[in-house]
Amino acid sequence: MSYRVLSGFSDVEDYKNVRLNLENEGFAVYDLQQNELAKDHGRHLVGGRSEGARNEVLCRFEYPECPGSLRSFLYSLPEKWNVSLFHYRNHGTDVGRILAGLQVPKESRGEFETFLDHLKRQGYQCYIETDNVFYQLFLHEGRRTSVDVNL
């Protein structure tokens, strides 16, 4: 459920009252106002959880947008990791945004970190979103467990 405060009301007080009332009725309430994954990508993703996306690491990338930059990113992905989720956002600005789920077996995690380091040296901002509450609630296959990627 999303919530918007009507004009003429105190935003903070009204928000607190609505949140408290929902919690008192037994609803779990998550504030996603500052959650970049939810704001940039979440509303565009449909279909729910993927039963077969084992060992999925969810990554959000931001990079300087220029002709060919998306193609460069796609060609840089190692073929041995399955892409289980992909969403590209470009609003005509100077920043491109990608959300990607990559199936990375535990034995390849060191190689995965090397791949992310390579992207960072190329100007990409990389964010691991596997533990993000939005992903855990709406996209992850159901287990609230994290992967061991230390960046």
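Where along the chain is Asn-55 found? Asn-55 sits in the loop between helix H2 (36-40) and strand E1 (56-64), and that strand is a good thread to follow through this predicted model. The protein chain has five helices and four strands, and from the N terminus on they follow the order α-α-β-α-β-β-α-β-α. Here is a friendly tour, starting with the whole chain and then moving through strands, core, surface and charged pairs.

**The chain as a whole**

- Of the 151 residues in the protein chain, 32% are buried.
- The accessible surface of the protein chain is about 9,700 Å², and carbon and sulfur atoms account for 48% of that surface.
- Taking contacts between residues at least 6 apart in sequence, 68% join residues at least 24 apart.

**The loop residue Asn-55**

- Asn-55 is not a glycine, yet its phi is positive, at about 55 degrees.
- Most residues other than glycine have a negative phi.
- Asn-55 counts as partly exposed because its relative accessibility is 33%, which lies between the 20% and 50% cut-offs.

**Strand E1 and its partners**

- Strand E1 is mostly covered, with eight of its nine residues buried.
- E1 and E3 run antiparallel and are joined by nine bridges; in this pairing, Glu-62 stands opposite Arg-97 in E3.
- E1 also pairs with strand E4 (residues 125-128), again in the antiparallel sense, over four bridges. Here Cys-59 stands opposite Ile-128 in E4.
- Arg-97, which lies in strand E3, is partly exposed because its relative accessibility is 22%.
- Arg-97 and His-87 are 10 residues apart in sequence, and their C-alpha atoms are 8.2 Å apart in space.

**The largest nonpolar core**

- Which members of the largest nonpolar core touch the most other members? They are Phe-61, Phe-73, Phe-112, Phe-115, Leu-119 and Tyr-124, out of 17 residues in that core.
- E1, strand E3 (95-103) and helix H4 (109-121) each contribute at least two residues to this core.
- Beyond its neighbours within four places in sequence, Phe-61 is in contact with a set of residues including Phe-73, Leu-116, Leu-119 and Tyr-124.
- The contacts of Phe-61 also include Gly-96, Arg-97, Ile-98 and Ala-100, as well as Gln-125 and Cys-126.

**A nonpolar patch on the surface**

- Leu-74, Val-83 and Phe-86 form a nonpolar surface patch, and together they have about 220 Å² of accessible area.
- Val-83 lies in strand E2 (residues 82-89), and Val-83 is partly exposed because its relative accessible area is 36%.

**Salt bridges**

- How many salt bridges does the structure hold? The structure holds four.
- Side chains of opposite charge can pair when their charged atoms come close.
- Arg-19 forms a salt bridge with Glu-23, with the closest N and O atoms 3.1 Å apart. Both residues lie in helix H1 (residues 11-24), four residues apart, about one turn of the helix.
- Both partners in H1 are partly exposed: Arg-19 because its relative accessibility is 25%, and Glu-23 because its relative accessible area is 35%.
- Glu-129 and Arg-60 meet through their side chains in a salt bridge of 2.7 Å, N to O. This pair links distant parts of the chain, 69 residues apart, with Glu-129 in the loop between E4 and helix H5 (133-138) and Arg-60 in strand E1.
- Are Glu-129 and Arg-60 buried or exposed? Glu-129 counts as buried because its relative accessibility is 9%, and Arg-60 counts as buried because its relative accessibility is 7%; the cut-off for buried is under 20%.
- Glu-111 forms a salt bridge with Lys-80, where the closest N and O atoms are 2.8 Å apart. This pair too links distant parts of the chain, 31 residues apart, with Glu-111 in helix H4 and Lys-80 in the loop between helix H3 (69-76) and E2.
- Glu-111 counts as partly exposed because its relative accessibility is 36%, whereas Lys-80 counts as exposed because its relative accessibility is 55%.
- Arg-60, Glu-62 and Glu-129 are joined into one network by salt bridges that share partners.

Methods. Residues are numbered from 1 along each chain as its sequence is written. This is a predicted model: local features need pLDDT of at least 70, side-chain atom pairs count only at pLDDT 80 or more; totals for chains, interfaces and linings use all residues. Side-chain values use heavy atoms; hydrogens and water are left out. Buried means under 20% relative accessible area, exposed over 50%, partly exposed in between (1.4 Å probe, protein chains only). A nonpolar core is a set of buried Ala, Val, Leu, Ile, Met, Phe, Trp, Tyr and Cys residues joined through side-chain atoms within 4.5 Å. Contact means heavy atoms within 4.5 Å. Patches are made of residues with over 30% relative accessible area and no salt bridge: like charges are joined within 9 Å, nonpolar side chains (Val, Leu, Ile, Met, Phe, Trp, Tyr) within 5 Å. Accessible areas come from the Shrake-Rupley method with a 1.4 Å probe; for residues, only the protein chains shown count as cover. Two strands pair if DSSP finds at least two bridges between them.
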